[in-house]
Each structure stands twice: as C-alpha cells, then as structure tokens.
Amino acid sequence: MENKITDKLLPKSITTLDDVKDFAIYLIVKESVMFHPDENFNDYININNNEQSFTKEQADKRNDLMEQCFSVCEKENVDIYSFMSNYA
C-alpha cells in the first residue's frame, strides 16, 4: 500500500474548540478526507485505489485526536456533530 499521507502537520493534541475546528479543517483540506466523528479511521478506504487511507499507526493517531475532540466538546457542552459539520 502506497500511503503518501504524512503526520508532519497533524495536530499533537486537541484541548480547545479552536483545536477541534482546526482538526476538522485539517482532515478535509490537507488529507482530503470526508469524515464522520463516529467512524474509525482504520476503516477509511481510498476510493481511487480501494486501499486503506491510513496505516494502522496513522489511523490510531487520528482516532485518539477524535476522542480528544469528543472530550473537549462534551466539556464545553457543544454538539460535536453540528460543530464539526460547520467546517466540512
């Protein structure tokens, strides 16, 4: 599997609503991923070549960041689905 995605610009952590917004924008703009907060990044498939979009390590990092997004949104009493969809 040829995977050209790098984690160089991937956020290190999500601690604020601005970080949640930035992560959503990062996924869409930098990685060209149409995502859903409930989906496991290990399950994403590139429709152009029918291969996994991310390596296991890359997907696990993104899953961890998404969990952090859920935590921040819960703490701030913000609906993650509507909040992230504002940037999709």
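1. Contact, in this note, means heavy atoms within 4.5 Å. With that in mind, a good place to start is Phe-35: leaving out residues up to four places away in sequence, Phe-35 touches Ala-24, Leu-27, Ile-28, Tyr-44, Met-66 and Met-84. Please keep in mind while reading that this is a predicted model.

2. How far can you trust it? The mean pLDDT of the chain is 91, and 93% of its residues reach 70 or more. Among the parts of the chain, helix α2 (residues 56-75) has the highest confidence, at a mean of 97, while strand β1 (residues 45-46) has the lowest, at 90. A general caution still applies: where pLDDT is low, the predicted coordinates should not be read in detail.

3. Now the layout. The chain has 3 helices and 2 strands, and from the N terminus on these run α-β-β-α-α. Along the principal axes, the C-alpha atoms fill a box of roughly 40 × 20 × 20 Å. The radius of gyration is 13 Å, which agrees with the value near 12 Å for a compact globule of 88 residues.

4. A few totals help to place the details. Of the 88 residues, 35% count as buried. The accessible surface comes to about 5,700 Å², and 47% of that belongs to carbon and sulfur atoms. Looking at contacts between residues at least 6 apart in sequence, 59% join residues at least 24 apart.

5. The core deserves a look on your screen. The largest nonpolar core has 22 residues, and those touching the most other members are Val-20, Phe-23, Phe-35, Met-66, Cys-69 and Met-84. Helices α1, α2 and α3 (80-85) each supply at least two residues of this core. As a general matter, nonpolar side chains tend to be buried together in soluble globular proteins. Phe-35, from the opening point, is one of the members named here, and two of its contacts, Met-66 and Met-84, are also on that list.

6. Ile-28 is another useful residue to select. Ile-28 is found in helix α1 and has a relative accessible area of 19%, so it counts as buried, the cut-off being under 20%. Which residues does Ile-28 contact, leaving aside neighbours within four places in sequence? They are Val-33, Phe-35, Tyr-87 and Ala-88. The contact with Ala-88 spans a good stretch of chain: Ile-28 and Ala-88 are 60 residues apart in sequence, yet 6.8 Å apart in space, C-alpha to C-alpha.

7. On to charges. Side chains of opposite charge can pair when their charged atoms come close, and a search of the whole structure finds 3 salt bridges. One of them joins the side chains of Glu-31 and Arg-62, at 2.6 Å from N to O. Glu-31 lies in the loop between α1 (17-30) and β1, whereas Arg-62 is in helix α2, so this pair ties together parts that are 31 residues apart in sequence. Are these two residues buried or exposed? Both Glu-31 and Arg-62 are buried.

8. Another of the salt bridges pairs Asp-60 with Lys-56, with 3.0 Å between the closest N and O atoms. Both residues lie in helix α2, 4 residues apart, about one turn of the helix. Asp-60 is partly exposed, with a relative accessible area of 34%, and Lys-56 counts as exposed at 55%.

9. Helix α2 also holds the pair Lys-61 and Glu-57, 4 residues apart and separated by about one helical turn. Their side chains meet in a salt bridge of 3.8 Å, N to O. For this bridge, it is worth knowing that the cut-off is 4 Å. Lys-61 is partly exposed, with a relative accessible area of 36%, and Glu-57 is exposed, at 54%.

10. Finally, two backbone details to check. Most residues other than glycine have a negative phi. Ser-32 has a positive phi, near 55 degrees, and sits in the loop between α1 and β1. With a relative accessibility of 63%, Ser-32 counts as exposed. Asn-50 also has a positive phi, near 60 degrees, and lies in the loop between β1 and β2 (51-52). Asn-50 is exposed too, with a relative accessible area of 65%.

Methods. Residues numbered from 1 in each chain as written. Predicted model: local features only at pLDDT ≥ 70, side-chain atom pairs only at ≥ 80, totals over all residues. Heavy atoms only, no water. pLDDT = per-residue confidence, 0-100. Buried < 20%, exposed > 50% of the residue type's maximum accessible area, 1.4 Å probe, protein only. Rg over C-alpha atoms; globule rule 2.2 N^0.38 Å. Areas by Shrake-Rupley, 256 points an atom, 1.4 Å probe, with all protein chains shown as cover. Core = buried A, V, L, I, M, F, W, Y, C linked by side-chain atoms within 4.5 Å.
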